[in-house]
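I am opening a fresh page for this entry, and I want to look at the structure before I write anything down about it.

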Number of protein chains: 2
Amino acid sequence: MDAWTEVLQDTGMDPRLDRDTSNCSIARTLEIVGEKWTILILREVWYGSSRFGDFERVLGCPRNLLATRLRMLVEEGILATETYKEPGSRSRPKYVITAKGMDLVPAVMGLLEWGDRYRADPEGPAVLARHRECGAHVDVQIRCERGHAVQAEEIESVPGPAFRMRPAG
Amino acid sequence: MDAWTEVLQDTGMDPRLDRDTSNCSIARTLEIVGEKWTILILREVWYGSSRFGDFERVLGCPRNLLATRLRMLVEEGILATETYKEPGSRSRPKYVITAKGMDLVPAVMGLLEWGDRYRADPEGPAVLARHRECGAHVDVQIRCERGHAVQAEEIESVPGPAFRMRPAG
DNA sequence: CGGCTGAGTATCTATAAGTAAACCCAAACT
DNA sequence: AGTTTGGGTTTACTTATAGATACTCAGCCG
């Protein structure tokens with residue numbers, strides 16, 4: 001019997017199917033970054049864009065959606081606004097990434113690597129990620145606390161402290 | 001001068017803003033897993049669900065969307081269909097994950113960890129991931145080829161073999 | 001034969017996104 | 001004073017996606 005099944009073996013419910021999924025961290029992250037354009041905006045921030053016009057030009061995304069997404073990312077603390085001033089122009093806002101935004105890098109690198117592996121052009125990827133200090137290629141890996149590299153098949157998901165069942169009915 | 005800038009220093013174009021983003025691996029991955037419900041379906045497959053009714057019950061997602069998503073995931077080779085047979089019932093299809101699907105685990109674990117850090121309930125996460133063999137907690141890390149752990153700030157993105165500029169106009 | 005079940009389809013409505021264009025604002029420049 | 005510029009907002013219209021509900025279909029069972 002696995003860790004899910006032993007949670008509720010006496011009720012008629014199935015913890016896999018009747019658990020409450022509303023506090024799932026994957027779903028909650030997707031509520032923020034799961035809308036169209038959001039991750040692509042962050043990609044451009046990582047690649048060096050910071051201004052409204054930069055995003056519009058490189059993404060080709062509608063201005064109203066871009067404004068909505070940028071406002072949301074700032075409200076969520078993933079981006080922050082600063083000002084910049086070109087000589088001869090007034091101060092204007094720009095968008096910079098926060099530590100909270102940088103913490104999304106592993107997730108997005110996971111998407112990047114999957115696309116590199118399964119959907120790249122014949123020549124290879126359009127962009128390569130490397131370690132600035134040593135120039136070596138970087139990738140995402142799953143590791144356990146003891147430092148072992150872990151294959152996805154070796155991962156076991158178990159109920160955590162906030163695990164709960166769906167209200168019956 | 002960085003690797004982006006030296007790509008096209010003589011033209012009037014800016015490689016950051018005028019590059020062709022249509023072969024971006026992040027965007028291409030999102031074309032497949034970026035629609036609502038897709039990643040949540042995969043989550044349930046990892047947690048042990050395999051049948052149409054399982055997904056519907058635990059996700060509460062509309063049946064027509066579920067059917068569309070499952071068909072697409074099978075077409076893309078992320079899931080595969082097998083059959084199961086309950087005693088006294090006819091054979092019915094079930095959905096199992098492929099190696100290509102397992103390769104999405106690092107990306108989704110990245111989303112999970114971000115949600116655990118920034119959007120979890122006060123008690124903690126609803127689900128914990130651990131190494132089946134040793135029971136230790138697992139997480140995603142970025143590493144370079146030489147085995148160094150790499151912080152997101154230490155990553156440099158440079159043009160790859162399929163880098164190209166947008167057709168002018 | 002008629003009802004039950006799991007796995008879908010079909011249809012309709014509601015919401016979100018895409019497209020295009022006009023408009024606003026403040027500072028700097030002419 | 002009038003124009004230009006970057007960074008938006010607003011409006012109007014079209015299309016795509018999401019959601020809710022009803023219906024179908026194939027086999028098993030009595």
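Which side chain has an N or O atom 2.7 Å from a phosphate oxygen of DNA strand C? I looked this up in what is a predicted model, and I found that the side chain belongs to Y84(B).

I then turned to the other polar contacts of the strand. A sugar or linking oxygen of DNA strand C lies 2.7 Å from a polar backbone atom of G88(A), and a sugar or linking oxygen is also 3.1 Å from a side-chain N or O atom of R92(B).

Next I looked up the surroundings of the strand as a whole. I noted 22 residues around DNA strand C, with W37(A), L65(A), G88(A), R63(B) and Y84(B) as the closest. Of the strand's atoms within 4 Å of the protein, 69% belong to sugar or phosphate, and the rest belong to bases. By class, I recorded nine charged, eight nonpolar and five polar residues on this surface.

For the elements involved, I wrote down helix 5 (63-75) of chain A, and from chain B helix 4 (52-59), helix 5 (63-75) and strand 2 (91-97), each of which supplies at least two residues. The largest share, four residues, comes from helix 5 of chain B.

Last, I went back to W37(A), which sits in the loop between helix 2 (25-33) and helix 3 (38-47) of chain A, and whose phi is near 85°, a positive value in a residue other than glycine. I made a note of this because most residues other than glycine have a negative phi. In chain B, W37(B) is in the loop between helix 2 (25-33) and helix 3 (38-47), and its phi is near 85°. W37(B) counts as buried because its relative accessibility is 19%, and the cut-off for buried is under 20%.

Conventions:
Residues numbered from 1 in each chain as written. Chains lettered and ligands numbered in written order. Predicted model: local features only at pLDDT ≥ 70, side-chain atom pairs only at ≥ 80, totals over all residues. Heavy atoms only, no water. Near = heavy atom within 4 Å. Polar contact = N/O pair within 3.5 Å; in protein donor to acceptor, adjacent residues only side chain to side chain. Nonpolar A, V, L, I, M, F, W, Y, C, P; charged D, E, K, R; others polar. Buried < 20%, exposed > 50% of the residue type's maximum accessible area, 1.4 Å probe, protein only.
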